[in-house]
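This report is meant for a reader who is meeting the structure for the first time. It begins with one helix and works outward from there.

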Amino acid sequence: MSYVGIEPERFRAAWVSGAEGARFARVVAELTEAVRRVGPSRKLGDA
Amino acid sequence: MPENEVTLRMRRRAKELLAGGEVQQVIGWEKGTFWYQSPPVFIRQPEEADRLVWDDFCLANPAIYLLDDRYGQERVGLFVKGCDARAVVRLIQDRQLVRERVYLLGIPCPGLKDPEAARTTGRESAQLPPARRCQHCLYPNPVLYDELLAQTVAPRPPLAPRAAVKALEAKGVEERFRYWREHFRRCLRCFACRNVCPACNCTACLFDLARPTWLAKEVDPANNWFYGLVRALHVAGRCIECGECERVCPVGLPLMALNEKLAKDLEELFGFKGAGLDLEGLPPLSFWQPDDPDHFA
């Protein structure tokens with residue numbers, strides 16, 4: 001996605017087991033924070 | 001122009017195969033409207049075999065026409081260049097074709113010429129640049145064949161392999177975005193790239209589905225992006241880099257810069273040398289191994 005110009009901050013691949021609730025929460029919180037910093041994406045809209 | 005030796009052999013073998021009932025149809029190339037065009041030709045009668053031709057513009061990949069009769073019983077004689085033979089291997093691997101249904105007449109390919117340059121400059125064949133796909137071809141000899149119509153050729157040293165990908169990777173994210181946005185804006189969604197692609201051999205395509213509507217009918221930048229990117233990912237590891245998508249694109253989108261990027265990633269991650277090189281070598285994304293790369297956070 002970065003190759004076609006979408007900010008790499010918007011993507012994350014993480015391995016989280018079904019038993020790792022706390023880890024899942026942390027991964028999602030970190031990703032949300034990272035996406036919030038780059039702001040809303042207009043790139044794939046109709047612009 | 002006197003007919004070259006390969007052309008004469010093509011005609012002779014086509015006649016023999018058809019007359020002897022070994023094949024019911026032969027697919028090759030014939031001369032088109034202009035001297036720089038050699039579109040595919042489908043021959044059923046031995047006396048029509050003299051239409052066949054081999055020259056600098058036999059770019060079309062005849063293997064994709066096998067899909068039009070993928071459930072049929074007829075045996076087809078198919079002329080294949082290096083890239084075309086890889087397409088046949090892919091179709092067999094994807095269970096779209098039974099090996100016995102094709103008789104492959106291999107043509108070691110000296111590299112073809114750019115028909116677009118012929119059209120715009122009017123220069124004769126010998127003065128034309130090689131076709132884009134041929135500039136970094138590593139497999140000019142058919143990888144699968146029943147007979148060869150000429151001596152094998154040594155691959156030419158590739159000119160600037162993956163130059164377009166490297167140039168794009170060196171740019172910043174924003175610049176890359178502008179590059180692709182400006183190109184995908186121009187996409188007409190004619191689906192020529194999909195229809196010509198030997199990797200796009202699914203009987204039902206998600207882009208045609210009405211329910212669910214993965215791809216909206218509007219031709220707008222957002223849907224064009226979706227189409228272009230999803231198609232590139234769907235053929236990742238199955239693309240033989242024949243460059244047919246880019247050749248047939250009526251608006252000249254640099255589609256191979258996407259396909260080559262994915263091929264480059266697969267080579268770096270899995271050591272994958274390319275799709276359709278032999279019948280045993282499956283695409284890395286179609287099976288799992290314990291030592292597959294696993295770069296998760």
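## A helix and its surroundings

In helix 2 of chain B, the buried residues are Gly82(B), Cys83(B), Asp84(B), Ala85(B), Arg86(B), Ala87(B), Val88(B), Val89(B), Arg90(B) and Leu91(B). The helix is thus mostly covered, with ten of its twelve residues buried, and those buried residues pack against strand 3 (76-80) and strand 4 (102-106) of chain B. All of this is read from a predicted model, which scores ipTM 0.78 and pTM 0.88. For chain B the average pLDDT is 91, and 98% of the residues score at least 70. Just after helix 2 of chain B comes Arg95(B), which takes a positive phi of about 60 degrees.

Ala85(B), which is found in helix 2 (residues 82-93) of chain B, counts as buried because it has 25 C-beta neighbours inside 10 Å, where 20 or more are required. Setting aside residues up to four places away in sequence, Ala85(B) touches Val80(B), Leu104(B), Gly106(B), Pro142(B), Val143(B), Leu144(B) and Tyr145(B). One of these, Leu144(B), has its place in the loop between helix 3 (115-121) and strand 5 (147-148) of chain B. Leu144(B) is buried too, because 20 other C-beta atoms lie within 10 Å. Not counting residues up to four places away in sequence, Leu144(B) touches Ala85(B), Val88(B), Val89(B) and Leu104(B).

How far apart in space are the C-alpha atoms of Ala85(B) and Trp29(B), and those of Leu144(B) and Gly276(B)? Ala85(B) and Trp29(B) are 56 residues apart in sequence, with 15 Å between their C-alpha atoms. Leu144(B) and Gly276(B) are 132 residues apart along the chain, and their C-alpha atoms are separated by 9.5 Å.

## The core and the two domains

Val88(B), one of the buried residues of helix 2 of chain B, also has a place in the largest nonpolar core, where, of the 75 residues, Leu78(B) and Val88(B) touch the most other members. This core draws at least three residues from each of domain 1 (7-148) and domain 2 (163-286) of chain B. Leaving aside its neighbours within four places in sequence, Val88(B) is in contact with Ala63(B), Val80(B), Val102(B), Leu104(B) and Leu144(B). In soluble globular proteins, nonpolar side chains tend to be buried together.

Chain B is divided into domain 1 (7-148) and domain 2 (163-286), and the C-alpha centres of these two domains lie 24 Å apart. Where they meet, 19 residues of domain 1 of chain B are in contact with 16 residues of domain 2 of chain B. The side of domain 1 of chain B that touches domain 2 of chain B has eleven nonpolar, three polar and five charged residues.

## Three helices of chain B

The table sets the expected span of each helix, at 1.5 Å a residue, beside the distance between its end C-alpha atoms.

| Helix | Residues | Expected span | End-to-end C-alpha distance |
|---|---|---|---|
| Helix 2 of chain B | twelve residues | 16 Å | 17 Å |
| Helix 7 of chain B | 14 residues | 20 Å | 20 Å |
| Helix 9 of chain B | 15 residues | 21 Å | 20 Å |

In helix 7 of chain B, the residues Asn223(B), Asn224(B), Trp225(B), Tyr227(B), Gly228(B), Arg231(B) and Ala232(B) are buried, and they pack against helix 5 (173-185), helix 6 (192-195) and helix 9 of chain B. Helix 9 of chain B buries Met256(B), Ala257(B), Leu258(B), Asn259(B), Glu260(B), Lys261(B), Leu262(B), Ala263(B) and Leu266(B). What covers these residues includes helix 4 (163-169), helix 7 (221-234) and helix 8 (244-248) of chain B. Helix 9 of chain B is followed by Gly271(B), whose phi is positive, near 65 degrees.

## Chain A and its contact with chain B

Chain A has one helix and zero strands, and its C-alpha trace spans about 40 × 20 × 15 Å along its principal axes. Of the 47 residues in chain A, buried residues make up 4%.

How many residues does each chain bring to the contact? Chain A gives 13 residues and chain B gives 14 residues. By class, the side of chain A that touches chain B has six nonpolar, three polar and four charged residues.

How values were computed
Residues are numbered from 1 along each chain as its sequence is written. Chains are lettered from A and ligands numbered from 1 in the order in which they are written. This is a predicted model: local features need pLDDT of at least 70, side-chain atom pairs count only at pLDDT 80 or more; totals for chains, interfaces and linings use all residues. Domain bounds come from an automatic or database domain assignment. Two residues are in contact if their C-beta atoms, placed from the backbone, lie within 7 Å. Ala, Val, Leu, Ile, Met, Phe, Trp, Tyr, Cys and Pro count as nonpolar, Asp, Glu, Lys and Arg as charged, and the others, Gly among them, as polar. A nonpolar core is a set of buried Ala, Val, Leu, Ile, Met, Phe, Trp, Tyr and Cys residues joined through C-beta atoms within 7 Å. pLDDT is the predictor's confidence in each residue, from 0 to 100. Helices (H or I, at least four residues) and strands (E, at least two) are DSSP runs, numbered from the N terminus. The expected span of a helix is 1.5 Å times one less than its number of residues.
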